[in-house]
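Subject: Structure handover and notes

Hello,

The structure we spoke about is below, and my notes on it follow.

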Amino acid sequence: MLRSLNIRNVVLIDKLDIDFEAGFGVLTGETGAGKSILLDSLGLVLGKRADVSLIRQGADKLSVTAIFDTPKSAELDALLAQNDIDVGFEIMIKRSLSTSGIGKIFINDQPITAKLLKDIGKFLVEIHGQFDNQGLLNPANHMGVLDGFGGYDDLLCQTSTCWEAYCQARQKRLDAENTIAKAKEDEDNLRHWIRELEQISPKPGEMDELSARRQELMHAEKIIENLNYAYSSLTQGKDISSALRSAQAGIDKANSYVDGKYNDIYAALDRALIEISDAQDAIESASTDISLNSSEQEEIDSRIFALKDLARKHGVMVDDLSQKLEDFRQELSSIEMGEDGLKALRQDEQSKRLAYITAANALHQGRVAAAQKLDKKVMAELPPLKMDKAKFVTMIEQKGESGWSKLGFDEVYFSVSTNPNSPQGPLNKIASGGELARFMLALKVNLAQSVNIPTMIFDEVDAGIGGAVAQAVGERLAHLGQEVQVLVVTHAPQVAALGGSHFKVEKHTKDDITTTTVKKLSAPERKEEIARMLAGEVITDEARAAAVKLMK
């Protein structure tokens, strides 16, 4: 619920701080006193467009701060979590706008965008004016309203799941058909490309091996020359092996005097002899392996060229040619599979389609039952609102397959007729302003819990009505206030008299400066204000007595 509203420099409001209560509250005042300014200010913290024209004359900026109890809403929780906003038990929204057009928005001291503010505001307050074209008046919202009232979340979930499965199966079938159709166009090319790639038989990593072997062949003579030099260095001139054996003999002789003290040195020389022998054998073997065959180099050059040429042809890297060959084989296989493979996909699609239709039909039946229940409840509200001749019907029409979705195949809209001989028609097209307000009220009384919005504001929904009808409207608003917080801007004393809290909006002029104020009225002040609403400018004792009677 809305707990407080603090306004600074908005149109005629200089400074205003209001604390609100739960239940049914009313705002009254003379026409032009500034009640709409309050709604404009509240609209700013709910995400409505901010305009510099709202800034009070002489001020450099405006600001509005509102504090709400955090409503219990999984959708709101998800939205806040998605944007890394931690609100705890209360949501404080502050919005400011300077005359230069620079605006700032904070939620619990964290800056946010106007778009996010608007998304959050939908979960906090619903404002309904006499000519409001949002919320319940927008047919696009009627199915969601009915679904919330019906409470058949399991049917909605099942239908959505079946729809996703059907869409995936249909897409698989379409993809397969497109692949086969395209593959058939390229069948001759595919067979040629496969033969071409199979003939060369590319292997991953082959280019690195070929490049290394090519490098070796290009420098074969110099490699052999250097290997021969290394071999001769070990075997010609001073014989390294003989020198090592002579050294071993000396060590062995020295050991005879010291009881093998130098055995480690002898062993090291022995290992060196072995390593020298291994090195000589390795050099000799390496020299033998080096090929001077120029034809092999030509073959490697030719294969490298062929691999690169095929890679360019198919738009891949050389190492990806083997995968490209496999892809071509699969495409050709899909052609050969033909209708056999498609038949399985079509059967799966049909199975998923039937499952969706079954789920959507169950959802449709749930909506029909909920609509009958809602219609009955709304119709029960209309006679006390002096609309006993009116009729309210929730229309549910099934769409063609092109209109199917995860929400089923229903189109839902609220239809009314105001007189026995009047045709049924869309709610927002048939009813007049006063009738519309009463239809909305009858709906909201029954939807309060399912809509799950903690605060509802009615802006002069009692316009054009009075007497017993206004009394009935006030009673319904008071009843609605037992479920959610209700704030009503009203000119009807019958409505104002039923408010649990009462605020009076007044306009004062001093030194050519006009200011709007809002005051919470005490019980005596409430009686006087309701008497004014009954009598006009001159308040009589009879008006005061009538006010007391209304308040009782």
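Helices are DSSP runs of H or I with at least four residues, and they are numbered from the N terminus. On that count α4 covers residues 142-150, and Gly151, just after α4, has a positive phi of about 70°. Within α4, the buried residues are His142, Met143, Val145, Leu146, Asp147 and Phe149. Please keep in mind throughout that this is a predicted model.

The sheet

Six strands make up an open sheet with antiparallel pairing, in the order β2-β1-β4-β5-β6-β7. The edges are taken by β2 (13-19) and β7 (110-111); each has a single partner strand, so one side of each has no neighbour in the sheet.

Further in, β1 (residues 2-10) pairs with β4 (residues 61-69) through 6 bridges, in the antiparallel sense. Ser4 has Ile67 of β4 as its bridge partner, and Leu5 stands opposite Ala66 in β4. β4 is also joined to β5 (residues 90-98) by 9 bridges, again antiparallel. Ala66 turns up here as well, with Ile93 in β5 as its bridge partner. As for burial, β4 is mostly covered, with 7 of its 9 residues buried.

The loop between β6 and β7

Most residues other than glycine have a negative phi. Two residues in this loop do not follow that pattern. Asn108 lies between β6 (103-107) and β7, and its phi is near 50°, which is positive although the residue is not a glycine. Asp109 sits in the loop between β6 and β7 too, with a positive phi of about 70°. How exposed is Asn108? Its relative accessibility is 25%, so Asn108 counts as partly exposed. Asp109 is exposed, with a relative accessible area of 63%.

The cavity

How many cavities of 30 Å³ or more does the structure hold? There is 1, and the space in the largest cavity is about 90 Å³. Its lining is made up of Leu2, Leu5, Phe20, Leu27, Leu38, Leu39, Leu42, Ile457, Leu487 and Val489. Leu5 is thus part of the lining as well as standing opposite Ala66 in β4. At least two lining residues come from each of β1, α1 (35-44) and β13 (485-489). The largest share, 3 residues, is supplied by α1. By type, the lining has 10 nonpolar residues, no polar ones and no charged ones.

Cysteines

The structure holds 0 disulfides. Why do Cys157 and Cys162 not form a bond? The cut-off for a disulfide is 2.5 Å between cysteine sulfur atoms. For Cys157 the closest cysteine sulfur is that of Cys162, at 9.4 Å, which is too far for a bond. Cys167 also has its closest cysteine sulfur in Cys162, but at 11 Å, again too far for a bond.

Aromatic pairs

There are 8 aromatic pairs in the structure. One of them, Trp163 with Tyr166, is edge-to-face, at 6.0 Å centre to centre and 65° between the planes. Both residues belong to helix α5 (residues 153-185), where they are 3 residues apart, about one turn of the helix. Trp163 has 13% relative accessibility and therefore counts as buried. Tyr166, at 2%, counts as buried too.

Tyr166 also pairs with Tyr356: the ring centres are 6.3 Å apart and the planes are at 15°, so the pair is stacked. This pair links distant parts of the chain, since Tyr166 is in helix α5 and Tyr356 is in helix α12 (residues 321-381), 190 residues apart. At 0% relative accessibility, Tyr356 counts as buried. Ring pairs connect Trp163, Tyr166, Tyr356, Trp404 and Phe409 into a cluster.

Where to look

If you open the model with limited time, three places cover most of these notes. Ala66 in β4 is one, with Leu5 opposite and Ile93 of β5 as a bridge partner. The cavity is another, with its lining of 10 nonpolar residues. The last is the ring cluster that includes Trp163, Tyr166 and Tyr356.

Regards

Technical notes: Residues numbered from 1 in each chain as written. Predicted model: local features only at pLDDT ≥ 70, side-chain atom pairs only at ≥ 80, totals over all residues. Heavy atoms only, no water. Pairing = 2+ DSSP bridges. 1 Å grid on protein atoms, 1.4 Å probe; cavity = no way out; pocket = protein on both sides within 12 Å on 5 of 7 lines; lining within 4 Å. Points joined across faces, edges and corners; volume = space filled by probe spheres on them. Nonpolar A, V, L, I, M, F, W, Y, C, P; charged D, E, K, R; others polar. Buried < 20%, exposed > 50% of the residue type's maximum accessible area, 1.4 Å probe, protein only. Phe/Tyr/Trp six-rings, centres within 6.5 Å; stacked < 30°, edge-to-face > 60°.
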